Amino acid sequence: MGDLETEKPLRKIAEAFKELEATINSQAQEVEVASFSHACSLVSPLFGCLGIAFKFAEMDYVAKVRDLVEASKSIDTLQSLLERDIKGNSVRKPGSHTRNLLRVRRGLDMVKILFEQILVTKGGSLKGPASKAYELALAPHHGWTIRKAVAAGMYALPIREQLFNTLNEDESSARLQMQSYVAASATVIMHVDKLFLTRGLGIDW
(Lines give C-alpha, C1' and ligand atoms only; values in the text may rest on other atoms or scores of the structure.)
Protein backbone atom coordinates (compact mmCIF):
# COMPACT_ATOMS: atom_id res chain seq x y z
CA MET A 1 0.00 0.00 0.00
CA GLY A 2 3.02 2.28 0.24
CA ASP A 3 4.02 4.43 3.17
CA LEU A 4 1.11 6.79 3.73
CA GLU A 5 3.11 8.63 6.39
CA THR A 6 5.49 10.23 3.91
CA GLU A 7 3.35 10.14 0.80
CA LYS A 8 0.52 12.36 -0.31
CA PRO A 9 -1.78 9.78 -1.93
CA LEU A 10 -4.55 12.28 -2.64
CA ARG A 11 -2.15 14.54 -4.51
CA LYS A 12 -0.77 11.68 -6.56
CA ILE A 13 -4.30 10.58 -7.47
CA ALA A 14 -5.37 14.10 -8.44
CA GLU A 15 -2.24 14.65 -10.56
CA ALA A 16 -2.52 11.29 -12.34
CA PHE A 17 -6.17 11.92 -13.25
CA LYS A 18 -5.44 15.46 -14.39
CA GLU A 19 -2.87 13.98 -16.78
CA LEU A 20 -5.44 11.48 -18.10
CA GLU A 21 -7.94 14.32 -18.52
CA ALA A 22 -5.35 16.34 -20.49
CA THR A 23 -4.78 13.36 -22.80
CA ILE A 24 -8.52 12.94 -23.39
CA ASN A 25 -8.92 16.66 -24.10
CA SER A 26 -5.92 16.71 -26.45
CA GLN A 27 -5.93 15.90 -30.14
CA ALA A 28 -4.66 12.37 -29.46
CA GLN A 29 -7.57 11.31 -27.21
CA GLU A 30 -6.09 7.80 -27.08
CA VAL A 31 -5.68 6.77 -23.45
CA GLU A 32 -2.90 4.27 -22.85
CA VAL A 33 -3.77 1.22 -20.77
CA ALA A 34 -0.48 1.74 -18.88
CA SER A 35 -1.19 5.32 -17.76
CA PHE A 36 -4.85 4.52 -17.02
CA SER A 37 -4.06 1.45 -14.91
CA HIS A 38 -1.28 3.32 -13.08
CA ALA A 39 -3.66 6.15 -12.15
CA CYS A 40 -6.26 3.61 -11.01
CA SER A 41 -3.71 1.76 -8.88
CA LEU A 42 -3.07 4.99 -6.95
CA VAL A 43 -6.76 4.99 -5.92
CA SER A 44 -6.51 1.51 -4.34
CA PRO A 45 -5.28 2.66 -0.88
CA LEU A 46 -8.38 4.84 -0.48
CA PHE A 47 -10.60 1.77 -0.22
CA GLY A 48 -8.36 0.43 2.53
CA CYS A 49 -8.66 3.73 4.44
CA LEU A 50 -12.45 3.28 4.58
CA GLY A 51 -12.20 0.09 6.62
CA ILE A 52 -14.28 -3.06 6.65
CA ALA A 53 -17.33 -1.58 4.86
CA PHE A 54 -15.41 -1.45 1.61
CA LYS A 55 -13.27 -4.56 2.05
CA PHE A 56 -15.05 -6.46 -0.72
CA ALA A 57 -14.96 -3.42 -3.03
CA GLU A 58 -11.24 -3.00 -2.29
CA MET A 59 -10.40 -6.65 -3.07
CA ASP A 60 -12.47 -6.58 -6.26
CA TYR A 61 -11.07 -3.23 -7.42
CA VAL A 62 -7.43 -4.15 -6.70
CA ALA A 63 -7.76 -7.47 -8.59
CA LYS A 64 -9.30 -5.78 -11.63
CA VAL A 65 -6.68 -3.02 -11.70
CA ARG A 66 -3.94 -5.65 -11.47
CA ASP A 67 -5.42 -7.33 -14.55
CA LEU A 68 -5.32 -4.03 -16.48
CA VAL A 69 -1.70 -3.45 -15.40
CA GLU A 70 -0.86 -6.90 -16.83
CA ALA A 71 -2.86 -6.15 -19.99
CA SER A 72 -0.87 -2.92 -20.50
CA LYS A 73 2.22 -5.03 -21.24
CA SER A 74 0.71 -6.23 -24.50
CA ILE A 75 -2.14 -3.79 -25.28
CA ASP A 76 -1.45 -0.10 -25.96
CA THR A 77 -4.75 1.77 -25.60
CA LEU A 78 -8.13 1.32 -23.93
CA GLN A 79 -9.67 1.44 -27.40
CA SER A 80 -7.60 -1.50 -28.65
CA LEU A 81 -8.31 -3.39 -25.42
CA LEU A 82 -12.05 -3.26 -26.15
CA GLU A 83 -11.56 -4.02 -29.84
CA ARG A 84 -9.53 -7.11 -29.01
CA ASP A 85 -12.25 -8.52 -26.72
CA ILE A 86 -14.98 -7.69 -29.25
CA LYS A 87 -13.01 -9.53 -31.93
CA GLY A 88 -12.50 -12.51 -29.61
CA ASN A 89 -16.18 -12.46 -28.61
CA SER A 90 -15.12 -12.36 -24.95
CA VAL A 91 -16.40 -8.94 -23.82
CA ARG A 92 -18.79 -10.29 -21.18
CA LYS A 93 -16.78 -13.32 -20.14
CA PRO A 94 -15.73 -13.28 -16.46
CA GLY A 95 -12.12 -12.15 -16.30
CA SER A 96 -12.12 -10.38 -19.66
CA HIS A 97 -10.18 -7.10 -19.75
CA THR A 98 -13.29 -5.25 -20.93
CA ARG A 99 -15.38 -6.56 -18.04
CA ASN A 100 -12.60 -5.67 -15.60
CA LEU A 101 -12.34 -2.16 -17.08
CA LEU A 102 -16.05 -1.66 -16.43
CA ARG A 103 -15.62 -2.79 -12.79
CA VAL A 104 -12.69 -0.41 -12.30
CA ARG A 105 -14.74 2.43 -13.81
CA ARG A 106 -17.39 1.79 -11.12
CA GLY A 107 -14.74 2.02 -8.42
CA LEU A 108 -13.56 5.37 -9.79
CA ASP A 109 -17.15 6.59 -9.85
CA MET A 110 -17.68 5.51 -6.24
CA VAL A 111 -14.64 7.51 -5.11
CA LYS A 112 -15.80 10.52 -7.17
CA ILE A 113 -19.25 10.46 -5.53
CA LEU A 114 -17.69 9.94 -2.09
CA PHE A 115 -15.51 13.02 -2.57
CA GLU A 116 -18.43 15.06 -3.93
CA GLN A 117 -20.46 14.16 -0.85
CA ILE A 118 -17.61 14.92 1.57
CA LEU A 119 -17.20 18.33 -0.08
CA VAL A 120 -20.86 19.29 0.42
CA THR A 121 -21.52 17.82 3.87
CA LYS A 122 -20.60 19.16 7.29
CA GLY A 123 -19.68 17.24 10.43
CA GLY A 124 -17.22 14.47 11.17
CA SER A 125 -19.20 11.42 10.10
CA LEU A 126 -18.46 9.77 6.75
CA LYS A 127 -21.47 7.45 6.97
CA GLY A 128 -23.72 9.68 4.83
CA PRO A 129 -21.17 10.32 2.05
CA ALA A 130 -19.97 6.71 1.98
CA SER A 131 -23.51 5.27 1.99
CA LYS A 132 -24.53 7.54 -0.88
CA ALA A 133 -21.42 6.68 -2.91
CA TYR A 134 -21.93 2.96 -2.42
CA GLU A 135 -25.65 3.14 -3.13
CA LEU A 136 -25.19 5.00 -6.43
CA ALA A 137 -22.04 3.38 -7.84
CA LEU A 138 -21.82 -0.19 -6.57
CA ALA A 139 -24.97 -1.40 -4.79
CA PRO A 140 -27.00 -1.94 -8.02
CA HIS A 141 -24.38 -4.49 -9.11
CA HIS A 142 -24.04 -6.34 -5.79
CA GLY A 143 -26.14 -9.12 -4.34
CA TRP A 144 -28.08 -8.87 -1.09
CA THR A 145 -25.34 -10.49 1.03
CA ILE A 146 -22.66 -8.01 0.00
CA ARG A 147 -25.01 -5.02 0.38
CA LYS A 148 -25.92 -6.21 3.88
CA ALA A 149 -22.25 -6.62 4.85
CA VAL A 150 -21.42 -3.14 3.53
CA ALA A 151 -24.33 -1.61 5.49
CA ALA A 152 -23.08 -3.25 8.69
CA GLY A 153 -19.52 -2.07 8.02
CA MET A 154 -20.61 1.56 7.64
CA TYR A 155 -20.65 1.86 11.43
CA ALA A 156 -16.89 1.21 11.52
CA LEU A 157 -15.93 3.99 9.10
CA PRO A 158 -13.25 6.42 10.24
CA ILE A 159 -14.36 9.97 10.98
CA ARG A 160 -13.52 12.69 8.46
CA GLU A 161 -10.51 13.96 10.43
CA GLN A 162 -9.06 10.44 10.76
CA LEU A 163 -9.36 9.90 7.01
CA PHE A 164 -7.57 13.15 6.24
CA ASN A 165 -4.82 12.35 8.78
CA THR A 166 -4.32 8.90 7.25
CA LEU A 167 -3.97 10.55 3.85
CA ASN A 168 -1.49 13.04 5.32
CA GLU A 169 -3.68 16.06 4.54
CA ASP A 170 -5.52 18.71 6.50
CA GLU A 171 -9.10 19.76 5.75
CA SER A 172 -8.26 22.52 3.25
CA SER A 173 -5.57 20.63 1.32
CA ALA A 174 -7.74 17.49 1.21
CA ARG A 175 -10.67 19.49 -0.18
CA LEU A 176 -8.46 20.94 -2.89
CA GLN A 177 -7.22 17.52 -4.03
CA MET A 178 -10.71 16.01 -3.84
CA GLN A 179 -12.14 18.78 -6.02
CA SER A 180 -9.33 18.20 -8.50
CA TYR A 181 -10.03 14.45 -8.65
CA VAL A 182 -13.79 14.98 -8.99
CA ALA A 183 -13.33 17.26 -12.02
CA ALA A 184 -10.68 15.15 -13.76
CA SER A 185 -12.26 11.75 -13.04
CA ALA A 186 -15.60 12.94 -14.46
CA THR A 187 -13.85 13.40 -17.84
CA VAL A 188 -12.10 10.02 -17.55
CA ILE A 189 -15.30 8.15 -16.60
CA MET A 190 -17.17 9.82 -19.45
CA HIS A 191 -14.42 8.76 -21.85
CA VAL A 192 -14.64 5.12 -20.72
CA ASP A 193 -18.44 5.22 -21.00
CA LYS A 194 -18.16 6.59 -24.53
CA LEU A 195 -15.79 3.75 -25.52
CA PHE A 196 -18.42 1.25 -24.37
CA LEU A 197 -21.52 3.02 -25.67
CA THR A 198 -20.16 3.80 -29.14
CA ARG A 199 -19.52 0.07 -29.54
CA GLY A 200 -23.02 -0.84 -28.38
CA LEU A 201 -21.68 -2.60 -25.26
CA GLY A 202 -23.72 -0.75 -22.62
CA ILE A 203 -22.40 -0.02 -19.12
CA ASP A 204 -25.03 -1.63 -16.88
CA TRP A 205 -23.97 -5.26 -16.97
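Biologist: Let's start with lysine 64: is this side chain buried or exposed, and what is its relative accessible area?

Modeller: Heads-up first: this is a predicted model, where local features need pLDDT of at least 70, side-chain atom pairs count only at pLDDT 80 or more, and totals for chains, interfaces and linings use all residues. Residues are numbered from 1 along each chain as its sequence is written, and side-chain values use heavy atoms, with hydrogens and water left out. Buried means under 20% relative accessible area, exposed over 50% and partly exposed in between (1.4 Å probe, protein chains only). By that rule lysine 64 is buried, because its relative accessible area is 19%.

Biologist: Which residue does lysine 64 form a salt bridge with?

Modeller: Side chains of opposite charge can pair when their charged atoms come close. A salt bridge here is a side-chain nitrogen of Lys or Arg within 4 Å of a carboxyl oxygen of Asp or Glu. The partner sits four residues from lysine 64 in helix α3, about one turn of the helix, and is partly exposed at 23% relative accessible area. The closest N and O atoms are 2.9 Å apart, and the partner is aspartate 60.

Biologist: How far apart are the closest N and O atoms in the salt bridge between lysine 73 and glutamate 70?

Modeller: Lysine 73 is exposed, with a relative accessible area of 63%. Glutamate 70 comes out as partly exposed, because its value is 47%. In their salt bridge, the gap between the closest N and O atoms is 2.7 Å.

Biologist: Moving to α5, which residue there pairs with lysine 112 in a salt bridge?

Modeller: Helices here are DSSP runs of H or I with at least four residues, strands are E runs of at least two, and both are numbered from the N terminus. Lysine 112 is buried at 13% relative accessibility, and the partner is partly exposed at 27%. The two lie about one helical turn apart because they are four residues apart in helix α5. With closest N and O atoms 3.1 Å apart, lysine 112 pairs with glutamate 116.

Biologist: And how many salt bridges does a search of the whole structure find?

Modeller: Some of them share partners, joining Arg105, Asp109 and Asp193 into one network. Over the whole structure, the number of salt bridges is ten.

Biologist: How far apart are the end C-alpha atoms of α5?

Modeller: The expected span is 1.5 Å times one less than the number of residues, so the 24 residues of α5 should span 34 Å. This helix is mostly covered, with 20 of its 24 residues buried. The end C-alpha atoms agree with the expected span, being apart by 35 Å.

Biologist: Which element gives the most to the largest nonpolar core?

Modeller: In soluble globular proteins, nonpolar side chains tend to be buried together. A nonpolar core means a set of buried Ala, Val, Leu, Ile, Met, Phe, Trp, Tyr and Cys residues joined through side-chain atoms within 4.5 Å. The largest one has 65 residues, and those with the most contacts inside it are Phe17, Phe36, Phe54 and Leu108. Elements giving two or more residues include α1 (9-25) and α9 (171-197), but with eleven residues the top giver is α5.

Biologist: Phenylalanine 196 interests me: how far is its C-alpha atom from that of leucine 82?

Modeller: Phenylalanine 196 sits in helix α9 and counts as buried because its relative accessibility is 0%. Contact means heavy atoms within 4.5 Å; leaving aside neighbours within four places in sequence, the contacts of phenylalanine 196 include Leu82, Leu101 and Trp205. Leucine 82 is 114 residues away along the chain, yet the C-alpha separation is 8.0 Å.

Biologist: Which glutamate does the side chain of arginine 160 make a polar contact with?

Modeller: Arginine 160 is found in helix α8 and is buried because its relative accessibility is 7%. A polar contact is a pair of N or O atoms within 3.5 Å; within protein, one must be able to donate a hydrogen and the other to accept it, and residues adjacent in sequence count only if both atoms are side-chain atoms. A polar atom of the arginine 160 side chain lies 3.2 Å from the backbone oxygen of threonine 121. The side-chain partner, also at 3.2 Å, is glutamate 171.

Biologist: Last one: where does serine 125 lie?

Modeller: Serine 125 is partly exposed, with 46% relative accessible area. A polar atom of its side chain lies 3.1 Å from the backbone nitrogen of lysine 127. As for its place, serine 125 is in the loop between α5 and α6.
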